[in-house]
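Trainee: Please give me a close account of the buried interior of this protein, and of the hollows in and around it.

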Amino acid sequence: MTFAQSNWNQPFEDCGLKGSTTIYDYQKKQWLSSDIEDSQDQTLPASTFKLVNTLIALDTRAVENEDEIIPWIDDYDTVKYGHRPNIYHSMSMKEAFRLSAGWAYIELAKKIGKPKYKEYLTAIGYGNVDLSIDGDDFWNFGDFGISPANQIEILIGIYEESLPFSEQSFQTLKEMMIEEKTDNYIIRAKTGWTREGGKDTGWWVGYLETSDNVYFFATRLIKDRSENNPNFGSCRKTITKEILKQLGVL
């Protein structure tokens with residue numbers, strides 16, 4: 001894996017945030033990163049784990065399909081996860097993915113079990129496979145970690161459908177991942193945000209499909225929770241899109 005360093009500091013400075021964006025040009029087989037060292041550093045994946053979690057849930061039949069309803073649990077920890085009334089109801093996996101309703105995927109995780117997760121994560125080369133935390137939400141808390149570069153490797157496996165999942169599962173996930181669709185491009189992606197260890201860790205990972213190429217991206221922002229920055233959430237996408245524009249592909 002060879003990286004080229006790019007001077008993409010300005011979008012981060014404009015947001016007043018530290019982090020990195022890593023890009024993989026599929027046709028050129030070229031890696032680019034604003035911070036090569038950071039691109040190799042592992043942190044919790046937060047809700048970006050819903051990409052692989054969806055495939056595993058479908059493959060293990062934790063849900064039959066994306067429209068199966070997951071019953072509301074009625075004992076949500078609003079201190080731990082924040083107050084989000086818009087997700088406090090029974091919903092399909094498709095809606096849980098779109099709203100990033102963590103409780104629904106935790107319910108699926110209880111069905112799947114950590115031994116099965118370890119099998120899948122080891123097989124696909126996802127992160128450090130450290131699921132030792134006492135609890136089911138290992139992607140938001142604990143020592144589980146994945147690097148931005150590894151996120152992209154997984155995304156390439158999703159795009160190529162080369163990971164050990166069914167064609168139907170890939171098609172379901174890819175449809176769920178669509179965030180933007182125009183005449184010129186499609187963006188399939190997932191955000192993530194966890195507040196573990198006194199820090200906010202925010203992600204936006206996915207890929208941009210154009211008529212003649214695919215550009216995979218992984219942006220991760222990290223700040224101390226004591227540091228107030230109301231743009232933290234939106235800047236995950238703002239920074240990524242600015243860099244894609246600098247590349248002339250968006």
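Mentor: The account below begins with the nonpolar core, passes to one enclosed helix and the cavity beside it, and ends with the pockets.

The model is predicted, and local features are reported only at pLDDT of at least 70 and side-chain atom pairs only at pLDDT 80 or more, whereas totals for chains, interfaces and linings use all residues. Residues are numbered from 1 along each chain as its sequence is written, and side-chain values use heavy atoms, with hydrogens and water left out.

A nonpolar core is a set of buried Ala, Val, Leu, Ile, Met, Phe, Trp, Tyr and Cys residues joined through side-chain atoms within 4.5 Å. Buried means under 20% relative accessible area, exposed over 50%, and partly exposed in between, with a 1.4 Å probe and protein chains only. In soluble globular proteins, nonpolar side chains tend to be buried together. In this model, the largest such core holds 61 residues, and those that touch the most other members are Phe49, Met93, Tyr117, Leu121, Tyr126, Phe144 and Ile158. At least two residues of this core come from each of H3 (50–59), H5 (93–99), H6 (102–112), H7 (114–124), H8 (148–160) and H9 (167–177), which are helices, and from each of the strands E8 (199–209) and E9 (214–224). Elements are DSSP runs numbered from the N terminus: helices (H or I) have at least four residues and strands (E) at least two. H6 provides the largest share of the core, 7 residues. Not counting residues up to four places away in sequence, Phe49 touches Tyr117, Leu121, Tyr126, Phe138, Trp139 and Phe144, where contact means heavy atoms within 4.5 Å. Apart from the largest core lies another, of 20 residues, including Leu32, Tyr185, Ala189 and Phe217.

Helix H3 deserves separate treatment. It is largely enclosed by the rest of the structure, because 9 of its 10 residues are buried. These buried residues are Lys50, Leu51, Val52, Asn53, Thr54, Leu55, Ile56, Ala57 and Leu58. Just after H3, Arg61 takes a positive phi of about 65 degrees.

H3 also helps to line a cavity. On a 1 Å grid over the protein atoms alone, a cavity is a set of points where a 1.4 Å probe fits but cannot get out; a pocket is an open set with protein on both sides within 12 Å along at least five of seven lines; and lining residues have an atom within 4 Å of a point. Points are joined across faces, edges and corners, and a volume is the space filled by probe spheres set on them. By this rule there is 1 cavity of 30 Å³ or more, and the volume of the largest cavity is about 30 Å³. Its lining consists of Thr48, Leu51, Val52, Tyr126, Gln151, Ile154 and Leu155. H3 and H8 each contribute at least two of the lining residues, with H8 giving the most, 3 residues. By class, the lining has 5 nonpolar, 2 polar and no charged residues; Ala, Val, Leu, Ile, Met, Phe, Trp, Tyr, Cys and Pro count as nonpolar, Asp, Glu, Lys and Arg as charged, and the others, Gly among them, as polar.

Helix H8 also contains Asn150, which counts as buried at 9% relative accessibility. Leaving aside neighbours within four places in sequence, Asn150 is in contact with Gly125, Tyr126 and Gly127. A polar atom of the Asn150 side chain lies 2.8 Å from the backbone nitrogen of Gly127.

Two pockets complete the account. The largest pocket has a volume of about 400 Å³. It is lined by 17 residues, of which Ser47, Arg84, Ser100, Trp193 and Arg195 are the closest to its centre. Helix H4 (78–81) and strand E7 (186–194) each supply at least two lining residues, and E7 gives the most, with 4. This lining divides into 5 nonpolar, 7 polar and 5 charged residues.

The second largest pocket has a volume of about 280 Å³. Of its 16 lining residues, Lys80, Tyr81, Ile106, Lys110 and Asp137 are the closest to the centre. H4 and H6 are the elements that give two or more residues to this lining, and H6 gives the most, with 4 residues. The classes here are 7 nonpolar, 1 polar and 8 charged.

Key
A polar contact is a pair of N or O atoms within 3.5 Å; within protein, one must be able to donate a hydrogen and the other to accept it, and residues adjacent in sequence count only if both atoms are side-chain atoms.
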